Amino acid sequence: MFDRIQTLPAEVVHLIAAGEVIDSLAAVVRELVENAIDAKATRIVVSLWPEQWRVRVADNGNGMELEDLRIAATAHSTSKIRRCEDLWKITSLGFRGEALHSLAQLAELKIASRAVDSSEGWRIVYDGLGEPVIEETVAIAPGTVVTASNLFGTWTVRRQALPSPAQQLKAVQNIIQQIALCHPQITWQVQQNDRPWFTISPGTTAQQILPQLVRDIKLSDLQHLKLELSLALPITNYQLPITNPQHIELVLGLPDRCHRRRPDWVRVATNGRMVKAPELEQTILASFQRTLPRDRFPVCFLHLQISPDQIDWNRHPAKAEIYLHQISYWQEEIAKAVEIALRINSQTLSETAHQGRIGQLIKASEASSGYNVNREIQPTTTRNEIAPLKLRAVGQVNNTYIVAEHANGVLLIEQHIAHERVLYEQLCDRWQLVALEPAIVLQNLSAAQIEQLQRIGLEVESFGDRLWAARTAPALLAQRNDCAAALLELSLGGDLQAAQVATACRSAIRNGTPLTLSEMQTLIDQWQRTRHPRTCPHGRPIYLSLEESALSRFFRRHWVIGKSHGI
C-alpha cells in the first residue's frame, strides 16, 4: 500500500525553507552582515561562539523603530522591495525578507535596535514563527545588535552534517573578507569566544583592503582603475531603460610584481556582492595571457557597478551566481579595462618591488639621523584617459640595459625582452608566413616534429632520405641566417602562441648589442605602446623604476643646509 500525498504542516514548510537560506554559521553571518550594510553601517562587530552555536552581529547603522522590530522576523517581511517591478531593479544586498524569519526557525533569536533619530532603544525576543514574545526597553547606541543562539538546535541532523568548527570559522572568515572587498569603507572587528580574532581597517577602495587579506601582497604591488561607462548598452526587448550610472572597478596585481600558484584570487563582484561569474573570470585570465611566468595566475578583483536591470538575481536562490544580459559586451569592456590598467604612464608608474633594498637603506639612514618623511601612501584616482609616460633614451649599460629618463625618475629597460614583447604582439596581430626561396632543408625530423610544423601552418614536404624541405616560414625568421635552427626549435612542440613566443624571442635583438640613441628611442616608443609592457611573454619583468623621490631621499637632497653640515 502506497502512502497518500498530503499537505505538509506549516511548521515543516517553514523549517525546510529556513534550511535553504541558513545552512551554516557562515550563512548566518552573511545574512546579518548584509542587513547591516543595507542599513548604512560603517562599523560592524561580529562575535562568534562556535561551541555554543551562537552568533552576534552589531552595527552602527540606521537602526529600527519598535514597529519595525515587531515584524522584522515574520515571513517575507522586508523594507527592500514593495511590488513585482522591484525585482528587476534590486540595489540592496538583501531583498527576500527570509533571513531573520529563517533564523527564528532555527535558533533563539533576539534583536536590540535604536533608530538614529530615536531617543530610546528596544530589545525583542522572538518565538519560532518570528513573533515577538518579549519586548523591553534597552540602553543602546544607534544601530542594531542581532543575536542568534543555539543554532540548528531544533534540527540536529543539520548540525551533525556541518563541517568541523575550524572549517566553519574559515568559511566565516572568507565571507567577511569577500564582503570587505566589496565595501571597503567599513571597519570590521571579529571576535571568537570573547577574544579578538581579526580586524579589517577601512579604505577608500579595495586596493587598501586586499593587502590586509592576502599575505605577501603590498599596496605598491596593486593597480586600481575605475572606468565610467558612458555609452548606453544595447537595448533588448526584455530590458528596462538604463538610468543608473555604471562603472567598472579593477584592483589587479601588476604581473611583474605579484602572482599566484592557483587562480584563487580572481574574484568578481557585482553591485556590492561577490558572485560566481565563470565567463568573466575567464575573460580576466585571458587578458593576462603571456604576461606571467608559466603556471602562475593573476591577482585581480573586478567590481561591476551596473544597472540592476542588467542582472537577474532570481535565477539563483542563494544570490551567489550572476546572470548578465549582453555578456559579450561586458567581456569586451573588462578586457579593455585590464589592458588600460597594465599600461605604463605617469599615473600608474611607481617604485617597484626591486627597490626594497633602497627603501631599507633610506629608512636606516633616517632612523640614525632623526630625519623623517611621511611614508603614508595616498590613494590615487585613475582617469579614463591618461597621457603616456614621456621617456627619453639617454644611454646603455653594458650594451644590455637602456637608460630612459622621465619627469619623475629613470627606467632601466632590458633591451632584449622589451624588443621580444614588441615583436610578440606584432606577431599576434599579424602572423604572416612567407615563401622560402630556396627552401630550407631539415634533417632527421620525427613524425611528431613534422606534424607540429604543419599544425602551426608551415609547409613541409619530404625531400629525400630523412630529409624534409620547409617551403614557408614566419616572416620574421625568413631572412635570418639561423632560420633552420629556428624552425627546428618551432618543431619541438607547443601551440601557435608558443610558436609566436619562440619566434619573437629568437628574432629580438640580443643583449650585448650596442645601439644608437635613435635605435634606443625607437625601441622604447614601440615597447611603451604595447598592450602589456610590464613583462615579456615569459613573465619576466622588463624594466626597473628608480623614482626621483626615492633618489632624493637616499642622497638627502632635501636636508636643511645647516643640518647637513652638522651645525
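**Helix 12, aromatic pairs and salt bridges**

Glu 489 is partly exposed, with a relative accessible area of 33%. Its side chain meets that of Arg 506 in a salt bridge with an N to O distance of 2.8 Å. The model is a predicted one. Its salt bridges come to 18, and its aromatic pairs to four.

**Salt bridges around Glu 489**

- Glu 489 belongs to helix 14 and Arg 506 to helix 15 (residues 496–507), so their salt bridge ties together parts that are 17 residues apart in sequence.
- Arg 506 counts as buried, at 17% relative accessibility, because the limit for buried is under 20%.
- Arg 480 and Asp 482 also form a salt bridge through their side chains, at 2.9 Å from N to O.
- Arg 480 is partly exposed at 28% relative accessible area, and Asp 482 is partly exposed at 22%.
- Arg 480, Asp 482, Glu 489 and Arg 506 are joined into one network by salt bridges that share partners.

**Helix 12**

- Helix 12 spans residues 447–455, and its buried residues are Gln 449, Ile 450, Gln 452 and Leu 453.
- Viewed down the axis of helix 12, these buried residues fall within an arc of 160°, so they line one face of the helix.
- That buried set packs against strand 17 (433–443), strand 18 (460–464), strand 19 (467–474) and helix 14 (483–490).
- On the face turned away from the buried side, helix 12 carries the exposed residues Ala 447, Ala 448 and Arg 455.
- Arg 455, with a relative accessible area of 52%, forms a salt bridge with Glu 451 at 3.4 Å, N to O.
- Glu 451 is partly exposed at 47%; both partners lie in helix 12, four residues apart, about one turn of the helix.
- Gly 457, just after helix 12, has a positive phi of about 100°.

**Aromatic rings**

- The ring centres of Trp 53 and Phe 152 are 6.2 Å apart and the planes stand at 85°, so this pair is edge-to-face.
- The pair links distant parts of the chain, 99 residues apart: Trp 53 is in the loop between strand 1 (43–49) and strand 2 (54–59), and Phe 152 is in the loop between strand 6 (143–149) and helix 5 (156–161).
- Trp 53 and Phe 152 are both buried.
- Tyr 329 and Trp 330 form an edge-to-face pair, with 5.1 Å between centres and 85° between planes; both residues are buried.

**Charges over rings**

- Arg 54 lies over the face of Trp 49, at 4.2 Å from the ring centre.
- Arg 267 has its charged end over the ring of Trp 265, 3.9 Å from the centre.

Definitions and conventions: Residues numbered from 1 in each chain as written. Predicted model: local features only at pLDDT ≥ 70, side-chain atom pairs only at ≥ 80, totals over all residues. Heavy atoms only, no water. Buried < 20%, exposed > 50% of the residue type's maximum accessible area, 1.4 Å probe, protein only. Helix = DSSP H or I, 4+ residues; strand = E, 2+ residues; numbered from the N terminus. Arc of directions from axis to C-beta. Contact = heavy atoms within 4.5 Å. Phe/Tyr/Trp six-rings, centres within 6.5 Å; stacked < 30°, edge-to-face > 60°. Lys NZ or Arg CZ within 6 Å of the ring centre and 35° of its normal. Salt bridge = Lys/Arg side-chain N within 4 Å of Asp/Glu carboxyl O.
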